[in-house]
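Trainee: Got a minute to go through this one with me? I'd like to start with how the chains sit together.

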2 protein chains.
Amino acid sequence: MANIGFIGLGIMGKPMVKHLLQSNHTVYLQTRSGVPDDLVTCGGIVCKTPFELAQNVEILITMLPDSPDVETVLFGANGVAEGLRTDTLYPQLRRTIIDMSTISPIKTREFATRINELGHDYVDAPVSGGDIGAHNAALTIMVGADEIVFERIKPILELMGKQVTLIGSNGAGQICKMANQIIVALTIEAVGEALLFVSKSGADPEKVREALMGGFAGSRVLEIHGERMINRHFDPGFKIALQQKDLDIVLACASSLGLALPNTATALELYNACIAHGGSKWDNSAIVTMLEKLANHEIKKKTT
Amino acid sequence: MANIGFIGLGIMGKPMVKHLLQSNHTVYLQTRSGVPDDLVTCGGIVCKTPFELAQNVEILITMLPDSPDVETVLFGANGVAEGLRTDTLYPQLRRTIIDMSTISPIKTREFATRINELGHDYVDAPVSGGDIGAHNAALTIMVGADEIVFERIKPILELMGKQVTLIGSNGAGQICKMANQIIVALTIEAVGEALLFVSKSGADPEKVREALMGGFAGSRVLEIHGERMINRHFDPGFKIALQQKDLDIVLACASSLGLALPNTATALELYNACIAHGGSKWDNSAIVTMLEKLANHEIKKKTT
C-alpha cells in the first residue's frame, strides 16, 4: 500500500481519483480551486500546497491542463520540487512523479531531467478516452518511463486505465499521445472534406458514409464524427479548445525539430477559425463548419 | 441470360470478365490492345470495335483508365453511341451502359444524359478493392443509377462484387468513390505525418502504431499503410499514378463547384512530388517519402 498524491481535480482528474480512493492506497489531494467535499468523504486527505503533498507521498500524480501548469506545480513556489528538496522526514526516499496531463514532449524531457537530478523518478503517462474513459477506469495510458519504474507503477495506472503501454523512455508517452492527436484531427478533417464534397456535388452524405464504413475509408472517426457532421450536433465530445492546444504543442515541437507537417498546420488553422467563431466548446468534428464557410454550403441529408 | 459486352481488359477488367464468363451469360469482349487468348478459350467472343460490340449486347460494361478513355469508347469514331444509333437488328431494344471505371462525376452525368438521349440507360458503378478484390469477386461497388435500372443489373454486378450499394442517381457512384479516395489519401497522409513526428522525436514508430491501433486513431490505413512506412516497402498496392489521377478528378470537380479542399490539395501536391521523383508506380503510402524529404529524416524503427 502506498501513499499516493494527486494534483488537478478537473473533469478528468476527479473521476480518476475516485478509483484510487476505492483501492487500499492512502490518497492525498491538492488542487488550486479547493478539493470537492465528496472526495474528502471518500477518504481523500487534503494538502494546502504541492509542496506539502510532495512531502507526504511516494507516488505523485499530476493531471493538469497544459505544460505551464505542470511546470508551476512541479518547480514553482511551494511546488513539488521544493517539497522534495527540503523533506527532512524521508530525505532518502526515491519518489515517482507521474504526469498524466497532455503536455509538450520536449518540456516533459526537461521536467524529467530536473526531477532525476533531485534523485527521483519521472513518468509521462498521458491518456486517451476522455471523461467517459476516466469514469469507467477504461483509459488508454501511453507511458514514457524507464522499464523498472514502469513495472513498479503499472498496477497504480491500471486502477485508472484498461490499456497501459510502455512506449519508451521519458517523453515517449507524450509523443505517442501527439501522434494520436495528429491522426484523429486529420482523419476528422478528411471526413469533413469528403462529406462536404459529396453534399456540394448533390449526393447523399448519409448513404456515402454507410457505403464507405466497411472499406479502406472506414474508421471510428467516419462512424462517429461523420455522423455528427451529417446530423449537425456539435456538442462535445472532445472540445475544440483542447484539440487546438494539442495541435499547438505538436507544431511547436515539429518546428523545433525542423519538421514540416502541412496538413496538421492546416487543421490547426481551421480550429483557430472555429475559435474565432465562438467555437472553443464545440466538438472537434465542428472543424467541418469552417470548410463549409469557405464553400458557402452546409452538409445536408438528401430527403428522397 | 443476357448478352454482356465488356470493354477494357486491364489489371481490373480481366479478372472481372472471368467471373462473367463463369456465369450463363454470353460475353462479348473488346479492347484496344487485343483480347487475351485465355478469355477466348473460356468463351469470350471478340469484337473489333466498341461499335460492333454495342450492336451485339444488351448490357455493356466499360472498365477504363480515365474520363477521356470512356468518352472515346462511348462517343468517338466506331464508338458505342454510333453502334447504338445505327443498329438495325434491334433498334427498339433499350440497352444499359455500365461504366465501372473511376472517372469524373461531372463527365459521368454528361455521358449519362447523352446515352439517355439515345434511348438507353446509363449506370456509373466504380469499384474499390483493387485487383485482389477483382480476382475474388469481392469488389465494393458504388452505384449511381435509377432505382429500376439498378435492380435489373444488380445480379450482374454481384457476379463481380460482394457489397453492391445504390448511392443515388447518375454520378452518385463516382461521387462516393471520390469521397473514398479523399478519405483514404488523407488518412495515409495523416499516418505519415504522425509516424514521422514520432520518429524524428526519437520515439519508436512501431510501438506507437501498435499502441494506437485499438483507439480512435485506429484504422486499416494505420494498420496496413503504417506498417509499410515503418518497414519501408513501397511496392504497390495502389499505385501513386492512380491515386494522383483520382485526386486530380476530385480537385477539378471541387474547383468547378467552388469548393476548397485544402488537405486534399496538399496531398495531391505531395503525390505530384512523388512522381517527380520517379514514384508513379510506388504504393500510395510512399507519400510519406516526400514529408521525409522536407524533414531531412527517414522513419526508422528503434532497435533497443
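Mentor: Sure, let's take the chain interface, then the domains, then a few local details.

Mentor: Ground rules: this is a predicted model, where local features need pLDDT of at least 70, side-chain atom pairs count only at pLDDT 80 or more, and totals for chains, interfaces and linings use all residues. Residues are numbered from 1 along each chain as its sequence is written, chains are lettered from A and ligands numbered from 1 in the order in which they are written, and side-chain values use heavy atoms, with hydrogens and water left out.

Trainee: OK. How many residues of chain B are in contact with chain A?

Mentor: 59 residues of chain B, against 59 residues of chain A; contact here means heavy atoms within 4.5 Å.

Trainee: And what area do chain B and chain A bury between them?

Mentor: About 5,100 Å², with 71% of it on carbon and sulfur atoms. Buried area is the accessible area (1.4 Å probe) that two parts lose on being put together, summed over both. I183(B), F197(B) and F216(B) supply 16% of what chain B buries against chain A, more than any other three residues.

Trainee: How many salt bridges between chain B and chain A?

Mentor: Zero, taking a salt bridge as a side-chain nitrogen of Lys or Arg within 4 Å of a carboxyl oxygen of Asp or Glu. There are 10 residue pairs in polar contact between the two chains, both residues at pLDDT 80 or more. A polar contact is a pair of N or O atoms within 3.5 Å; within protein, one must be able to donate a hydrogen and the other to accept it, and residues adjacent in sequence count only if both atoms are side-chain atoms.

Trainee: Which element gives the most to chain B's side?

Mentor: α9(B), with 20 residues. Elements giving two or more residues there include β9 (161-168), α9 (172-200) and α12 (240-257) of chain B. Helices (H or I, at least four residues) and strands (E, at least two) are DSSP runs, numbered from the N terminus. By class, that side of chain B has 38 nonpolar, 15 polar and six charged residues; Ala, Val, Leu, Ile, Met, Phe, Trp, Tyr, Cys and Pro count as nonpolar, Asp, Glu, Lys and Arg as charged, and the others, Gly among them, as polar.

Trainee: What turn lays chain B on chain A?

Mentor: A turn of 180° with a shift of 0.0 Å along the axis, giving an RMSD of 0.1 Å. The two copies are therefore related as by a two-fold rotation axis. The superposition is by least squares on the C-alpha atoms of residues with pLDDT of at least 70 in both copies. The same surface serves both, as 100% of the contact residues of chain B recur in chain A.

Trainee: Switching topic: what domains does the assignment give for chain A?

Mentor: Domain 1 (3-169) and domain 2 (176-295), with bounds from an automatic or database domain assignment. Over C-alpha atoms, 31 Å separate the centres of the two domains of chain A.

Trainee: How many residues of domain 1 of chain A are in contact with domain 2 of chain A?

Mentor: 12 residues of domain 1, meeting nine residues of domain 2. The area buried between these domains of chain A is about 860 Å², and carbon and sulfur atoms give 72% of it. T102(A), I106(A) and M142(A) supply 46% of domain 1's share, more than any other three residues. The rule finds zero salt bridges across this interface, and the polar contacts come to four residue pairs, both at pLDDT 80 or more.

Trainee: So how many salt bridges over all chains?

Mentor: 27. One of them pairs D38(A) with K14(A), the closest N and O atoms being 3.3 Å apart. D38(A) sits in helix α2 (residues 37-41) and K14(A) in helix α1 (residues 13-21) of chain A, 24 residues apart.

Trainee: Last thing: where's the cis peptide bond in chain A?

Mentor: Between P236(A) and G237(A), with omega about 5°. G237(A) lies in the loop between α11 (220-231) and α12 (240-257) of chain A. In chain B, the peptide bond from P236(B) to G237(B) is cis, with omega near 5°.
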